[in-house]
Amino acid sequence: MKNVTNIQKFSIHDGDGIRTSVFFKGCPLRCEWCHNPETQRYEREIQYDHDKCTGCGACVEACPNQAILLKDGKAATDREACTLCGRCENFCPAGIRETVGREYTVKSLVKELMKDQIFYEDSGGGVTLSGGEAMAVDKDYLLAVAKELKRQDVSLTIDTCGYVPYEKFQTILPYVDTFLYDVKVMDPEIHKRYIGADNKLILENLIRLARDGARIYIRIPVIKEVNGNEKNMKETIAFLKEHDIHPPQINLLPYHDTGSGKYPKLDMEYKGTDLHAPEKAEMEEFVRLFQEAGFANTKIGG
């Protein structure tokens, strides 16, 4: 069984047509602007809204492991002592405590995904596996899901950061219709600073995927302080052309901080407070650079 944070119905920005997107828990990278921090850790975890806590102590009394204490009039959770039994969630009168991550077997996940089959068929859509990092999911589990969707003639898209051994791509490639592949920044040192690892493996995997005939949509999150400049965009274009990579679609995704409010609920620090999206005119100029270089289907947004 694998942990899933959300199964999002009627997605229109995660691939072609109307899709159902699965967000797995666990990611090997740590992007400073990550808007799904609840998917970073692989294990299930508790989240709670500190601001809305009334300090009533009901969760303290309910916890069998003494993992919750009142501190400055608010409930504070010792995540090491917490066993995720769910009692605090059930007893909180304000309803501000929630266990993040639900376990699915292959059979139960596919059963849930097939509920939307009519929408896939009518729109040319299908299922998108995302995260976190979908490709970081156990290989046998991922392959079993992919094979079953293929057997039922459901289109499969995988949204990936590319930071996994290429063996995993090779295994699942015959069952995937499209990869949504993140190319964040070309400079390896900048990549390491803002994302937690350099980009060598990511770029190598992209080259190999393209050579192996994968259908790849390139997605570039654009952050002014990280990669939102002409130099990086030209380096990205040069890389794609040098390695004969011709994605049928390139999406430039302006930075947003809509996920920043999730961090305190997970006792995490949001590090993207000094990051910004480029101006509209700058984004349009980046699109022009790609289009003039021969990547005609480049657009702003997913």
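Which residues lie nearest the centre of the largest cavity? In this predicted model, the answer is Cys53, Cys59, Ala75, Cys92 and Ile96, which belong to a lining of 16 residues. Rolling a probe the size of a water molecule over the atoms shows where empty space is left. Here, that search turns up three cavities of 30 Å³ or more. The largest cavity holds about 120 Å³ of space. Its lining is a mix of ten nonpolar, three polar and three charged residues.

Next comes the second largest cavity, with about 100 Å³ of space. Its lining is made of 13 residues, and those nearest the centre are Cys63, Cys82, Leu84, Cys85 and Cys88. Sorted by class, this lining comes out as eight nonpolar, four polar and one charged.

Leu84 is worth a second look for its backbone. Most residues other than glycine have a negative phi, and most peptide bonds are trans. Leu84 is not a glycine, yet its phi is positive, at about 60°. This residue sits in the loop that runs between strand 5 (74–77) and helix 2 (87–91). Gln66, another non-glycine, has a positive phi of about 55°, and is found in the loop between helix 1 (58–62) and strand 4 (68–71). Is Gln66 buried or exposed? With a relative accessibility of 70%, Gln66 counts as exposed, because the cut-off for that label is over 50%.

Peptide bonds offer an oddity too: Gly131 and Gly132 are joined by a cis one, with omega at about 15°. Gly132 is part of the loop between strand 8 (126–130) and helix 5 (139–151).

Now for helix 10. Its 13 residues (280–292) should span 18 Å at 1.5 Å a residue, and the C-alpha atoms at its ends are indeed 18 Å apart, so the two values agree. Which residues of helix 10 are buried? They are Met283, Phe286, Val287, Leu289 and Phe290. Viewed down the axis of helix 10, these buried residues fall within an arc of 155°, so they line one face of the helix. The general pattern helps here: an α-helix has 3.6 residues a turn, so residues three or four places apart point the same way. The other side of helix 10 carries Lys280, Ala281 and Glu292, which are exposed.

As for neighbours, the buried residues of helix 10 pack against helix 9 (230–242) and three strands: strand 11 (216–222), strand 12 (249–254) and strand 13 (298–300). Just past the end of helix 10, Gly294 adopts a positive phi of about 105°.

Methods
Residues are numbered from 1 along each chain as its sequence is written. This is a predicted model: local features need pLDDT of at least 70, side-chain atom pairs count only at pLDDT 80 or more; totals for chains, interfaces and linings use all residues. Side-chain values use heavy atoms; hydrogens and water are left out. On a 1 Å grid over the protein atoms alone, a cavity is a set of points where a 1.4 Å probe fits but cannot get out, and a pocket is an open set with protein on both sides within 12 Å along at least five of seven lines; lining residues have an atom within 4 Å of a point. Grid points are joined across faces, edges and corners, and a volume is the space filled by probe spheres set on the points. Ala, Val, Leu, Ile, Met, Phe, Trp, Tyr, Cys and Pro count as nonpolar, Asp, Glu, Lys and Arg as charged, and the others, Gly among them, as polar. Helices (H or I, at least four residues) and strands (E, at least two) are DSSP runs, numbered from the N terminus. The expected span of a helix is 1.5 Å times one less than its number of residues. Buried means under 20% relative accessible area, exposed over 50%, partly exposed in between (1.4 Å probe, protein chains only). The arc is that of the directions from the helix axis to the C-beta atoms. Contact means heavy atoms within 4.5 Å.
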